[in-house]
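Got your viewer open and a hand on the mouse? Let's take a walk through this protein, one selection at a time.

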Amino acid sequence: MLTYTLTHAQEQKRYVGAQPDLPGMLIFDYGFNILMNAPDDLKIKTIRSRSIGYHYLYPVPIGESKFSFHPGFGFSSHNYTFDKNVT
C-alpha cells in the first residue's frame with residue numbers, strides 16, 4: 001500500500017524576493033505513477049510514468065484559533081507508459 005500526505009508549517013515572517021503577492025499558496029507537485037495489483041500483461045515503466053500538478057490554496061481562518069481551512073483548486077495530469085504495446 002502507498003500513502004501520500006502533505007503537511008505545511010507556517011511562520012510569521014515575510015520573504016523578500018521575486019514572489020507574487022497572493023493571499024494563498026501556489027503548490028507544484030511532481031511524482032511517478034505505479035499500478036497496484038495489476039495483471040501480468042500490464043507491466044508499467046515507473047520512471048516514464050509521471051504525474052504533475054499545479055494547485056492554489058486560499059487560507060480561511062477558523063475563529064480566533066490557530067487553525068484554518070484551505071479550500072482551493074488545481075490541475076493534475078497523470079501519464080502511464082507500459083512495457084508492451086497495450087491500450
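## Start in the middle of a sheet

Select isoleucine 52 and serine 77 to begin: serine 77, in S5, is the bridge partner of isoleucine 52. Now try glycine 53, whose bridge partner in S5 is serine 76. You've just picked out two contacts along the S2 and S5 pairing, which is antiparallel and runs over seven bridges. Before going on, keep in mind that this is a predicted model.

## Zoom out

Switch to a cartoon view and show the whole chain. How many helices and strands are there? The protein comes to zero helices and five strands. Going from the N terminus, the elements read β-β-β-β-β. If you colour by accessibility, you'll find that 11% of the 87 residues count as buried.

## The three-stranded sheet

Next, select S1, S2 and S5 together. They make an open sheet of three strands in the order S1-S2-S5, with antiparallel pairing. Which strands stand at the edges? S1 (25-32) and S5 do, and each has a single partner strand, so one side of each has no neighbour in the sheet. Look along the sheet, too: ignoring direction, its neighbouring strands are turned by 10° against each other on average.

Now hide S5 for a moment and look at the other pairing. S1 and S2 pair in the antiparallel sense over eight bridges. Two spots are handy to click on here:

- Phenylalanine 28, which has tyrosine 54 in S2 as its bridge partner.
- Phenylalanine 32, which has arginine 50 in S2 as its bridge partner.

Bring S5 back and check how covered its residues are. Of its seven residues, the number buried is zero, so S5 lies largely in the open.

## Ring hunting

Time to show side chains. How many aromatic pairs does a search of the whole structure find? It finds three aromatic pairs. Select tyrosine 30 and phenylalanine 32: their ring centres are 5.9 Å apart and their planes sit at 75°, so this pair is edge-to-face. The cut-off behind that label is an angle over 60 degrees. Phenylalanine 32 itself is partly exposed, with a relative accessible area of 46%.

For another pair, select tyrosine 56 and phenylalanine 73. Their rings are tilted, with 5.9 Å from centre to centre and 50° between the planes. This pair links distant parts of the chain: tyrosine 56 belongs to strand S2 (residues 50-57), phenylalanine 73 belongs to strand S5 (residues 72-78), and the two are 17 residues apart.

Are these two partners buried or exposed? Tyrosine 56 is buried, at 16% relative accessible area, whereas phenylalanine 73 counts as exposed, at 62%.

## A nonpolar patch

Turn on the surface and colour Phe28, Tyr30, Phe32, Ile47, Tyr54 and Phe75. Together they make a nonpolar surface patch of about 740 Å². Which strand gives the most to the patch? That's S1, with three residues.

You've already clicked on two of the patch members, since phenylalanine 28 and tyrosine 54 are bridge partners. Select tyrosine 54 again, this time with its strand: tyrosine 54 is found in S2. Its relative accessible area is 47%, so tyrosine 54 is partly exposed.

## Two leucines to finish

Keep tyrosine 54 on screen and add leucine 26, which lies in strand S1. Draw a distance between their C-alpha atoms: they are separated by 7.4 Å, though the residues are 28 apart along the chain. Leucine 26 counts as exposed, at 60% relative accessibility.

For the last stop, leave the strands and find leucine 42. Where is leucine 42 placed? It sits in the loop between S1 and S2. With a relative accessible area of 26%, leucine 42 is partly exposed. Add asparagine 85 to your selection: leucine 42 and asparagine 85 are 43 residues apart in sequence, and 9.5 Å apart in space from C-alpha to C-alpha.

Definitions and conventions:
Residues are numbered from 1 along each chain as its sequence is written. This is a predicted model: local features need pLDDT of at least 70, side-chain atom pairs count only at pLDDT 80 or more; totals for chains, interfaces and linings use all residues. Side-chain values use heavy atoms; hydrogens and water are left out. Rings of Phe, Tyr and Trp (its six-membered ring) pair if their centres lie within 6.5 Å; planes under 30 degrees apart count as stacked, over 60 as edge-to-face and the rest as tilted. Buried means under 20% relative accessible area, exposed over 50%, partly exposed in between (1.4 Å probe, protein chains only). Helices (H or I, at least four residues) and strands (E, at least two) are DSSP runs, numbered from the N terminus. Two strands pair if DSSP finds at least two bridges between them. Axes are lines fitted to C-alpha atoms, for helices over the stretch in contact, and angles run from 0 to 180 degrees between N-to-C directions. Patches are made of residues with over 30% relative accessible area and no salt bridge: like charges are joined within 9 Å, nonpolar side chains (Val, Leu, Ile, Met, Phe, Trp, Tyr) within 5 Å. Accessible areas come from the Shrake-Rupley method with a 1.4 Å probe; for residues, only the protein chains shown count as cover. A salt bridge is a side-chain nitrogen of Lys or Arg within 4 Å of a carboxyl oxygen of Asp or Glu.
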